[in-house]
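Hi there,

Here is the structure I promised to pass on to you. Please have a look at it first, and then read on for my notes.

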Amino acid sequence: MMKTATATIALSLTATSVMAQTEISWWHGMGGRNGEVINEISQQFNDAQDACNLTPVSRGTYEEALASGIAAFRSGEQPNILQVFDAGAATIIAAEGATIPAEDLILNAGEEFDREAFIAGVRNFYADSDGKFIGMPFNSSAPIMYYNEEAFEKAGVEPPKTWEEFEEIAPALKEAGYLPLTASQLTWMMVENFKSRNNQQFATNNNGYDSVDGTEILVTDENQVMMFEKLKEWADAELFGFYGAGWGDNLKPFEDGQSAIWIGSSGSFGGLQQSTDFDFSADFMPYWDAIEGAGTQSFIGGAALFAMSGKSDEENACTAQFFSFLTSPETQVYYHKNTGYVPITEAAYEMAKEEGYYDEQPVAEVGIQQLMLEGGEWTGGYRMGFYPQIRTVMEREFNRIFSGEVEVQDAFETIEEEGNQLLARFAKTAG
Amino acid sequence: MAETYHTGSARQGAILSRLRAWYSAETADPAKRVQFDRPLTPWLFLLPQLAIVAIFFYWPSVQAVTSSFYIEDPFGFGATFVGGENYADALASSQYLSTATFTAFFCAIVTALSLGIGLLLAVKADKVIRGAPAYKTLLISVYAIAPPVAGLIGMMFFDMHMGPLKDLAAFFGHDLRVGIDYWDTAVAVVTISVWKQIPYNFIFFLSGLHSVPTSVREAALIDAQSGWRRFRDVTLPLLAPTAFFLLVINITYSLFDTFPIFDVVVKDKPANNPITLVYKVYLDGFKGNDIGGSSAQSVILMIVVAALTIMQFRFLERRVHYG
């Protein structure tokens, strides 16, 4: 009886102290192991301080998270923090009143913020054209080249650095009984990051950063068309396998040990360790030696966190505190090791290095190294509205290219035409 | 088992007569009319149903119509009135038109196949004497599978890497590439959608067959030797009300309820795979955040469905004989 009473008192005391905390919410689009890591990080944040209590909520996929965030904002029920993926960045950044720029939020809360602390490849993607951080980079990835070590040994060739080298060694890989190349999500690999790795302009208006009005996508240039003519040529010669728009369908042949190279995400590293039973390694995604100035860093993939507007100062202070917590080297290294996403600050990268993590797992370093390669005029990022729909148009045309229904040049002209219609439509909504 | 058929057919009859009354605005026979003491009482009973219809159907419909005339940013900061521009954009888009064409084709073929096979199975099952319940239960059980699950099961068969149907097609010299080849994917969604719908039609046709009086059947037996002629001249006309009801239901099914099957088959990324108009509304609205354009498309869809329903009742129902 006595015990119960004490317990009740103790409970009510804890309840009061919990009540005094400021509650903030975080909607995200991660599942599986990555979703668990989000819960772990939130718990670490809650344990590290008393003033704020953060609750993470999974909202399905990236697209579903964005859609439900938008719907919630329209009815005044938005969370404090919303995770938005790379292709949705333009949508949320163009809606200026919907978010508080991460940089302002952190400075207003009296915390420190240093743009230079972030690794070069991360700085611009979620920032405005002046470099101010609108979104807080969170889970960042890069498209890299995974390869089956056994396949290269059998074929007696070296992993390619450039696409020219790939053309030279591909027949040997085929001879050794492998499908030389597969790649997931060609929109990300062979268009967006074809642009960044080869330092090519992707859209007018400074890749879309300067203005929403009049931004046009640029994909009919000879280099972009050449990339896909080559892919088609390789597919016809059975040097490249195309398995539609699904991520997993293109990964499967690599996991089964049938394909020698798979272009995938640096974030796929953890999953691949479990799903493969052969030795694999990774290197930078190839570029074209023939294109002048190529070999630059890639765009950052993944997603960022946005602080939604319309919240009290106390809640915003908590959000700011959480953003600072996220960028601390300890949290970044923990996240990096558990998910395969790259660390986003130089300090976190140094810490992982010092701990000897990359001696154990050299593949984990490839993504961040690629993001730290020399930048070029067009490697900061791109900003195009309705971009998820433009990706859908590309996916449709790519299927048609590889089934031989349409010529590469014509396909890209369709993409440019429909893409520009979507961009013009977006400019109207934002206007 | 017989109980189930009975309830099924009663429910079907009720729906039919309600639809008929609604369309032809027949006034019920005064002698059969139930009288309430106070004029407000019937409304009180109707209120919950009316509230549900108003909140979940009329209100969103009005919203869809309103936002179809605007272009607005996703977060709702500003909406610009654009008149019929969203409609013009949708109808002028070649992509929209090819999706519409596919939808019409898809509806026709799914309805025809699932009605045809459902009827065939019902007629055959009706004749089975020994072990009839086992056959019937096996045929009906698929109805308990939810559409997304049906999609998943289907994709295990059609998977481009390890599906057994891929091997079967390869045996006949066809490289089945569901998810890459437009028509291969179409075959997959049609097959899964038909498979999912057959049990529903089967149940109703079977109960329809049960309601054909034995005396009529026996009389027919004297008149015609050929089983096919008896079926064509006697059974089929008596099944017409059921068939008409199922036609309406099946068209609605293939237009709307097949959404989860498409979602599973195209794996959230339609690329060049065939999709229906409903799926396109979802893509543009929820994935593309284009609220105005997506609303215009859903209003077009509403008009099409309304027109289709009216046409069915005007032209087809006249030829249906209710026993």
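**Chain B at a glance**

Of the 323 residues in chain B, 41% are buried. Please keep in mind that this is a predicted model. The secondary structure of chain B consists of 13 helices and 2 strands. Among its contacts with a separation of 6 or more, 69% are between residues 24 or more positions apart. The accessible surface of chain B is about 18000 Å², and carbon and sulfur atoms contribute 69% of that area.

**Two backbone oddities in chain B**

You may want to look at the loop between helix H11 (259–265) and helix H12 (277–287) of chain B, where B:Lys267 sits. B:Ala271 is found in the loop between H11 and H12 of chain B as well. As background, most residues other than glycine have a negative phi. B:Lys267, however, is not a glycine and has a positive phi of about 55 degrees. B:Ala271 is also a residue other than glycine with a positive phi, in its case near 45 degrees.

Are these two residues buried or exposed, or something in between? B:Lys267 is partly exposed, with 35% relative accessibility. B:Ala271 has 8% relative accessibility, which is under the 20% cut-off, so this residue counts as buried.

**Strands and a disulfide in chain A**

Over in chain A, strand E1 (residues 22–28) and strand E2 (residues 52–58) pair in the parallel sense, over 7 bridges. Together with helix H2 (residues 32–48) of chain A, E1(A) and E2(A) form a right-handed β-α-β unit. One of the bridge partners to look at is A:Cys52 in E2(A), which is matched with A:Thr22.

A:Cys52 turns up again in a disulfide: how many of these does a search of the whole structure find? There is 1 disulfide over all chains. The bond joins A:Cys52 to A:Cys318, with an S to S distance of 2.0 Å. This pair links distant parts of the chain, since A:Cys52 is in strand E2 of chain A and A:Cys318 is in helix H14 (residues 313–327) of chain A, 266 residues apart. The link is left-handed, with -85 degrees about the S-S bond.

Both ends of the link are out of the way of solvent by the numbers: A:Cys52 is buried at a relative accessible area of 1%, and A:Cys318 is buried at 3%. Back in chain B, the cysteine B:Cys107 also counts as buried, at 10% relative accessibility.

Happy browsing, and all the best!

Definitions and conventions:
Residues numbered from 1 in each chain as written. Chains lettered and ligands numbered in written order. Predicted model: local features only at pLDDT ≥ 70, side-chain atom pairs only at ≥ 80, totals over all residues. Heavy atoms only, no water. Pairing = 2+ DSSP bridges. Helix = DSSP H or I, 4+ residues; strand = E, 2+ residues; numbered from the N terminus. Right-handed = clockwise from strand over helix to strand, strands pointing away. Buried < 20%, exposed > 50% of the residue type's maximum accessible area, 1.4 Å probe, protein only. Contact = heavy atoms within 4.5 Å. Areas by Shrake-Rupley, 256 points an atom, 1.4 Å probe, with all protein chains shown as cover. Disulfide = S-S within 2.5 Å.
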